[in-house]
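Work through the following exercises with the structure beside you, and try each task before you read its solution.

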Amino acid sequence: MTPTLVRQYLPHTGPVPRVDLGARARDWSEIQERMLVPLYEAVYRRLEVGTGTRLLGLGCGSGLALLMAASRGATVTGVESFSPSG
């Protein structure tokens, strides 16, 4: 049987590090999101998304799905809610 590594995390003492959420979003859109392109294409083909289609994206992130729908002739609107903490 392979041993399992369990990490013990100690409570963080000191200032809380700031996270650049914009950099995280760029990482997602540049690296991971492109893997969803075949899925979006298949769904849009199946739903016959095109001219005459109106698509609303809530929490649309980088907007790749909306961009792909627009390239098929759909009218798209996207809303991304971002509330910076602290």
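A residue is called buried if its relative accessible area is under 20%, exposed if it is over 50%, and partly exposed in between, with a 1.4 Å probe and protein chains only. The model is predicted, and local features need a pLDDT of at least 70, side-chain atom pairs count only at pLDDT 80 or more, while totals for chains, interfaces and linings use all residues. Residues are numbered from 1 along each chain as its sequence is written, and side-chain values use heavy atoms, with hydrogens and water left out.

**Exercise 1. The chain as a whole**

Task: State what share of the 86 residues counts as buried, and give the order of the elements from the N terminus on.

Solution: Begin with burial: of the 86 residues of the chain, 15% count as buried. Next, list the elements, where helices (H or I, at least four residues) and strands (E, at least two) are DSSP runs numbered from the N terminus. The chain has 3 helices and 2 strands, and from the N terminus on they follow the order α-α-β-α-β. Finally, consider the surface, whose accessible area, from the Shrake-Rupley method with a 1.4 Å probe and, for residues, only the protein chains shown as cover, comes to about 7,600 Å², with 58% of it belonging to carbon and sulfur atoms.

**Exercise 2. The two strands and the helix that joins their unit**

Task: Find in which sense strand 1 and strand 2 pair, and name the bridge partner of R54.

Solution: Two strands pair if DSSP finds at least two bridges between them. Strand 1 and strand 2 pair in the parallel sense, over 5 bridges. R54 has T75 in strand 2 as its bridge partner, and G57 stands opposite G78 in strand 2. Together with helix 3, the two strands make a right-handed β-α-β unit; right-handed means that, with the strands pointing away from the viewer, the path from the first strand over the helix to the second runs clockwise.

**Exercise 3. The buried side of helix 3**

Task: Determine which residues of helix 3 are buried, and what covers them.

Solution: Helix 3 covers residues 64-71, and in this helix L64, A65, L66, M68 and A69 are buried. Their cover includes helix 2, strand 1 (54-58) and strand 2 (75-79). Just after helix 3, G73 takes a positive phi of about 105°. The loop between helix 3 and strand 2 also holds A74, which counts as buried because its relative accessible area is 9%. Contact means heavy atoms within 4.5 Å, and, leaving aside neighbours within four places in sequence, A74 is in contact with V49, G50, T51, T53 and A69. The C-alpha atoms of A74 and G52 are separated by 6.2 Å, although these residues are 22 apart along the chain.

**Exercise 4. Three residues of helix 2**

Task: Decide whether Y44, E41 and V43 are each buried, partly exposed or exposed.

Solution: Take Y44 in helix 2, which counts as buried because its relative accessibility is 8%. Not counting residues up to four places away in sequence, Y44 touches V49, L55, A65, L66, M68, A69 and R72. The C-alpha atoms of Y44 and M68, 24 residues apart along the chain, are separated by 8.8 Å. E41, also found in helix 2, is partly exposed because its relative accessible area is 38%. V43 lies in helix 2 (residues 37-46), and it counts as partly exposed because its relative accessibility is 34%. With L39 and L47, V43 makes a nonpolar surface patch of about 280 Å².

**Exercise 5. An unusual backbone angle**

Task: Locate E48 and state whether its phi is positive or negative.

Solution: E48 is placed in the loop between helix 2 and strand 1. Its phi is near 55°, a positive value in a residue other than glycine. For comparison, most residues other than glycine have a negative phi. To finish, E48 counts as exposed because its relative accessibility is 67%.

Conventions: Patches are made of residues with over 30% relative accessible area and no salt bridge: like charges are joined within 9 Å, nonpolar side chains (Val, Leu, Ile, Met, Phe, Trp, Tyr) within 5 Å. A salt bridge is a side-chain nitrogen of Lys or Arg within 4 Å of a carboxyl oxygen of Asp or Glu.
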